[in-house]
Amino acid sequence: MKFLIPFVALLSAACAPVVSTPLTPLPPVETLAADAPFRDEIVKFAEQDRVTPPPACPVLFVGSSSIRLWTSLTRDMAPLPVINRGFGGSKISEVNSYFDRVVTPYRPRAIVFYAGENNIDANEAPAAVADQFRQFMKLKRQRLGRTPVFYISAKPSKLRFNQLERQTELNSAVRALASSASDLTYIDVVAPMLVDGQPRDIYVEDGLHMSPAGYAIWRGLVRDALYKKNVERMRCR
């Protein structure tokens, strides 16, 4: 009997309802410039929220097309509530520009981030790209306090394998940042996506975007990272 009370207490904590906060109102769509990058996708997010309100206190996945094309995300992360706000071939600077449209309003319990690969492809210096991610973290701390961020490392695709060295510089900079930041977790997908030093056969025809086999690798790594941090018990900001 002496073990019963601690067990019941643990079970109660695990099952405790998560406290959520209302969505922060989005800035009016009319304030978006007609020629703003990815404007149509950003407007579509607002329309989706109007028609189908997003889940309360979600794990927010944000970034570029590798997030946008994760069509099995809801199933892969179940029972955690998720929302997908990946858009186009976005760079980190563009995610930052739309932070108050694609991050802040959802008051997430955690953020899973994938962007930076397109910056490297655009020949931006890895150090400059890392600085853009630092700006993302600054925005996050200003808007959402200690909400944890999980950074998925730039992936070693077939199409961009010649960029691996510069991707590694970016990944190393973010890994170092995570080593001293309690609200940032680095998720290394590079090694699991290689075999004998070359990309695995986990890409669609363009050699850039992943097949279901690629997302299966991400699924395991991301879920492990989230549950290691007890994200299922976290409250929203």
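Before the close-ups, one working term: a residue is called buried when its relative accessible area is under 20%. Everything shown here comes from a predicted model.

**View 1. Phe136, a buried ring in helix H8.** Phe136 sits in helix H8, which covers residues 126–144. With a relative accessible area of 0%, under the 20% limit, Phe136 is buried. What about the residue one turn back? Phe133 and Phe136 are three residues apart in helix H8, so about one helical turn lies between them. Phe133 is buried as well. The two ring centres are 5.9 Å apart and the planes meet at 10°, so Phe133 and Phe136 make a stacked pair.

**View 2. Phe113 meets Phe136.** Here the partner comes from a strand: Phe113 belongs to E3 (residues 110–114). Its ring and that of Phe136 form a tilted aromatic pair, with 4.6 Å from centre to centre and 55° between the planes. Because one ring is in strand E3 and the other in helix H8, this pair ties together parts that are 23 residues apart in sequence. Phe113 counts as buried too, at 0% relative accessibility.

**View 3. The aromatic cluster around these rings.** Pull back a bit and the Phe rings from the two views above turn out to have company. Phe99, Phe113, Phe133, Phe136, Tyr151 and Tyr186 make up one aromatic cluster. Over the whole structure, a search turns up 14 aromatic pairs, among them the tilted pair of Phe113 and Phe136.

**View 4. The disulfide of Cys57 and Cys236.** How many disulfides does the structure hold? Just one, and Cys57 and Cys236 form it, with their sulfur atoms 2.0 Å apart. The link is right-handed, with 125° about the S-S bond. Cys57 lies in the loop between helix H2 (39–51) and strand E1 (59–63), while Cys236 lies in the segment after helix H10 (212–228), so the bond ties together parts that are 179 residues apart in sequence. Both ends are tucked away by the accessibility cut-off: Cys57 counts as buried at 3% relative accessibility, and Cys236 counts as buried at 12%.

**View 5. Strands E1 and E2 side by side.** Strand E1 (59–63) follows the loop that carries Cys57. E1 pairs with E2 in the parallel sense, over five bridges. Pick out Phe61 and you'll find its bridge partner in E2 is Asn84. Is strand E2 mostly covered or mostly exposed? E2 (residues 82–86) is mostly covered, with four of its five residues buried. As a reading aid, side chains in a regular strand alternate between the two faces of the sheet.

Technical notes: Residues numbered from 1 in each chain as written. Predicted model: local features only at pLDDT ≥ 70, side-chain atom pairs only at ≥ 80, totals over all residues. Heavy atoms only, no water. Phe/Tyr/Trp six-rings, centres within 6.5 Å; stacked < 30°, edge-to-face > 60°. Helix = DSSP H or I, 4+ residues; strand = E, 2+ residues; numbered from the N terminus. Buried < 20%, exposed > 50% of the residue type's maximum accessible area, 1.4 Å probe, protein only. Disulfide = S-S within 2.5 Å. Pairing = 2+ DSSP bridges.
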